[in-house]
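User: Could you walk me through the packing details of this one before I go back to the bench? I'll ask as we go.

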Amino acid sequence: QVHRDPAQRRLRELTALSQQLQRVHPNVLAKILKERTVYQNEEIVVINKPYGLPVHGGPGIKNCIADVLPILAKMLENMKAEPLHLCHRLDKETTGVMVLARNKETAENIRLLFKTRQVEKIYWAIVLGDPDPAEGIVEIPIVEKEVQSHQSHYKMTLAPNYRLCPEDGKVVKMRRNRNAESAVTRYRRLAGASACSLLELQPITGVKHQIRVHLAYGLGCPILGDHKYSHWSKLAPQKLPELTLKRLKVQQSKARHLPLHLHAHRLSLPLGQPIDLVCKPPSFFQKALRMLELDIAKD
C-alpha cells in the first residue's frame, strides 16, 4: 500500500475538477444535472451548477449545459417534454443556482426579470486579504480592454469616473468611456482567517465578470483561484500568501490548479410568489472553508 502525501492527493483532486465534466458522455452529464436539481415546478427547473461546466459551447469545449438541455428535459419529464431553456448565464468556473425554464414564455419572462434587476442574487466568494471597510458597495463602471503584454489578451477592467490629479491631488472627473457599463456590487465580510476572507456579495447589475473585477481591482481582494484577475498585465497563476498555501496544502508552483471559489448561493425570483432558491457550495469550496478556518455560523 502506497502512502501518498496529502498535498499530492489534494493536487490530484484539484486537477481532476476542471477536466472531469468535459470527458463524460452527454447522457451522463444530463444525469449529473438531474441529480443536482434543487427545485422544480411546472415552469422552472433549478440546478446547482457544477464547477468547470460552461453554459454555452465554444472552441475546445466538448460539453456544455445548453447542449444537454433536451436530454435533461426528457429525463425530468418522462420522454415527452420540450427542451429546457436557459434564462441567464454563469461563468464556466462559477457554481451554484441556475434557473432553467420549461417553456419559451417563462424563459423570456425570467430573462426580463434579470435584465430589469428584479432578481436578487447572493454569491459567496473566498478572497485573498481583507476588504476595508468590511462591508460596503463598489460602484465603478467596467469596460473590456485589450491587455498589451507578451501575449495580448482581453480582460474586463475598471473605468472609474474620477481620478486624483497628480499635480495638486484634487479629485477630477474623467471623460466617460463610451463602452463602459455601470456596475454595482454590495459586499459584506462573513469571516476572516489565514490571510483570506469569506464574502457575501450581491451584484446589483449584471456586467460580465463584474464580481471578479470589483473584488480584484476595486477592493484589492481577488477571489481565491482567480488566475485571470489577480494581475493586470500578465496571464500567470495567482500569487498566494505563505499562510494560505500552507493551510490549503498547496505549493505556490501548483497554485494554478486552484479553482475559482465563487458560488451563486441564493437567488430570489419574483414569479408571482417570490421563490427563494438556495444551493450549498461545492465540496471543494466547503473544504477550503474548513482548511482556511473560515468558520461561519450555520444559516
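User: To start, which residue lies over the face of Y162?

Analyst: K173 lies over the face of Y162, at 4.9 Å from the ring centre; a charge is taken to sit over a ring if NZ of Lys or CZ of Arg is within 6 Å of the ring centre and within 35 degrees of the ring normal. Please keep in mind that this is a predicted model, in which local features need pLDDT of at least 70 and side-chain atom pairs count only at pLDDT 80 or more, while totals for chains, interfaces and linings use all residues. Residues are numbered from 1 along each chain as its sequence is written, and side-chain values use heavy atoms, with hydrogens and water left out.

User: OK, and how many aromatic pairs does the structure hold?

Analyst: The structure holds two aromatic pairs, where rings of Phe, Tyr and Trp (its six-membered ring) pair if their centres lie within 6.5 Å, and planes under 30 degrees apart count as stacked, over 60 as edge-to-face and the rest as tilted. One of them joins Y51 and F284 in an edge-to-face arrangement, with 5.2 Å centre to centre and 75° between the planes. This pair links distant parts of the chain, since Y51 is in the loop between strand 2 (44-49) and helix 3 (65-77) and F284 is in helix 7 (residues 283-291), 233 residues apart. Helices (H or I, at least four residues) and strands (E, at least two) are DSSP runs here, numbered from the N terminus.

User: Are those two rings buried or exposed?

Analyst: Y51 counts as buried at 12% relative accessibility, and F284 counts as buried at 9%; buried means under 20% relative accessible area, exposed over 50%, and partly exposed in between (1.4 Å probe, protein chains only).

User: And what about Y217 and Y229?

Analyst: Y217 and Y229 also form an edge-to-face pair, at 5.9 Å centre to centre and with 75° between the planes. Y217 sits in helix 5 (residues 210-218) and Y229 in the loop between helix 5 and helix 6 (242-248), twelve residues apart. Y217 is partly exposed, with a relative accessible area of 23%, whereas Y229 is buried at 1%.

User: Back to helix 7: which of its residues are buried?

Analyst: In helix 7 the buried residues are F284, F285, A288, L289 and M291. What covers them includes helix 1, strand 4 (95-101), strand 5, strand 12, helix 6 and strand 13, where contact means heavy atoms within 4.5 Å. After helix 7 comes E293, whose phi is positive, near 60°.

User: F285 rings a bell. What does H263 touch?

Analyst: Leaving aside residues up to four places away in sequence, H263 touches N48, T95, G96, I122, Y123, W124, C279, K280, P281, P282 and F285. H263 is placed in strand 13 and counts as buried, at 0% relative accessibility. Its side chain reaches the backbone oxygen of K280 at 3.5 Å; a polar contact is a pair of N or O atoms within 3.5 Å, and within protein one must be able to donate a hydrogen and the other to accept it, with residues adjacent in sequence counting only if both atoms are side-chain atoms.

User: Switching to cysteines, how many disulfides are there?

Analyst: There are zero disulfides, a disulfide being a pair of cysteine sulfur atoms within 2.5 Å. For C87, the nearest cysteine sulfur, that of C279, is 14 Å away, and C87 is buried, with a relative accessible area of 6%. For C196, the nearest cysteine sulfur is that of C221, at 9.7 Å, and C196 is likewise buried, at 3%.

User: Where do the buried residues of helix 2 fall, seen down its axis?

Analyst: The buried residues of helix 2 (residues 26-35) are L29, A30 and L33. Seen down the axis of helix 2, they fall within an arc of 100°, so they line one face of the helix; the arc is that of the directions from the helix axis to the C-beta atoms. They pack against helix 1 (6-23), strand 1 (37-40), strand 2 and helix 3.

User: Last thing, which peptide bond is cis?

Analyst: The peptide bond from D132 to P133 is cis, with omega near 0°, and P133 is found in the loop between strand 5 (120-128) and strand 6 (135-139).
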